Amino acid sequence: MKHAFLSSVMGLALLFVAIASHAKPVVLSSLKPLTLIAKEITGKYADVDTLLPATASHHDYPLKTSDYGRLKNADLVLWIGPELESFLQKTLANLAPAKIITAYNLKGINWPVENHEVAEQSDHHHEQDPHLWLDPRNAILVAQAVAEKLILVDSVNKAQYQQNLQLFTTKMKELDEKLKLSLRPVMGIGFAVYHEGFSHFVSHYGLHQLDYVTFTPEQKPGARHLLQLRETLMKEGKCLFLEPYNDTQSARDLALELHLRIGELDALGVRGDPTYEQLLEQMANAFSACLANRRN
Ligand SMILES: [Zn+2]
């Protein structure tokens, strides 16, 4: 009797160990760039999924019924925070706080130095730009948070996660130096972006952003703002940077009219299948190519 009891307990224990050792942890991140950062830490030891489809707006997205299940089942949920993804706030409040990483609230996040020219024209200058993944120093902080939480969920692979974090940190520091050098020649050259989502990159690398067309992709710019934008660009603008998947015909017309070059910034890595490092490199290349000092 006692023997039977013991063996069934042991059987259960073994079953538990078997399940635990075979199930990979699942990290669910709200946006592709966060997924790319998380993947650098998980390697093959955990799965990383992205909640939003690549072409969805990261400012406003209607959650599907299946999304609730995905959020509930994930071992870790990684998002920026309500400052960017307000559509997630209510749902995440119902999940265990221990499994959520809110990047916006991480200690030590670097914030752009405020651009007074733009801030004065904007109603939003009290907010900090939430597109924080565009600064490689912030990517390191996000990666650290992912590694810490993953180790709690999956301590068996602790050494792997720590090693991946170390490799990623080194890689980011090297990339940062490389980008600083490559962007130095175009630092003083004026441009505008389509929506106000690039100030982390712009500020960190000392680029000369004059203005944006619209604050978020969902808002239509006001007539007064467009007039200001036009005047500023006419004076000292060289490029207008558009984005994939935003309806930008009117911005395109403006660039043509003012003889501006048109560039494209892909902050979400929707073009191709970049690593996080490649996403930043592509962004630097887009700035360099459009702003470089040669004639059209
Ligand atoms: Zn945005």
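Buried means under 20% relative accessible area, exposed over 50%, and partly exposed in between (1.4 Å probe, protein chains only). This is a predicted model, in which local features need pLDDT of at least 70 and side-chain atom pairs count only at pLDDT 80 or more, while totals for chains, interfaces and linings use all residues. Residues are numbered from 1 along each chain as its sequence is written, and side-chain values use heavy atoms, leaving out hydrogens and water.

**View 1. Helix H2 and its buried residues.** Helices are DSSP runs of H or I with at least four residues, and strands are runs of E with at least two, numbered from the N terminus. Because 10 of its 11 residues are buried, H2 is largely enclosed by the rest of the structure. Look for Leu34, Leu36 and Ala38, which are among them. The cover includes strand S1 (26-29), helix H6 (136-153) and helix H11 (276-291). Just after H2 comes Gly43, with a positive phi near 50°.

**View 2. Where H2 meets H7.** Here H2 (residues 32-42) and H7 (residues 158-183) pack at about 125°, with axes 7 Å apart. Contact (heavy atoms within 4.5 Å) involves Ile37, Glu40, Ile41 and Thr42 of H2, and Tyr161, Asn164, Leu165, Phe168 and Lys171 of H7.

**View 3. The zinc site.** Four histidines, His58, His59, His131 and His195, each offer the zinc ion their NE2 atom, from 2.0 to 2.1 Å away. Donors are N, O and S atoms within 2.8 Å of the metal (3.2 Å for Na, K and Ca). His59, in the loop between S2 and H3, and His195, in strand S5, are 136 residues apart along the chain. Both His59 and His195 are buried.

How values were computed: Axes are lines fitted to C-alpha atoms, for helices over the stretch in contact, and angles run from 0 to 180 degrees between N-to-C directions.
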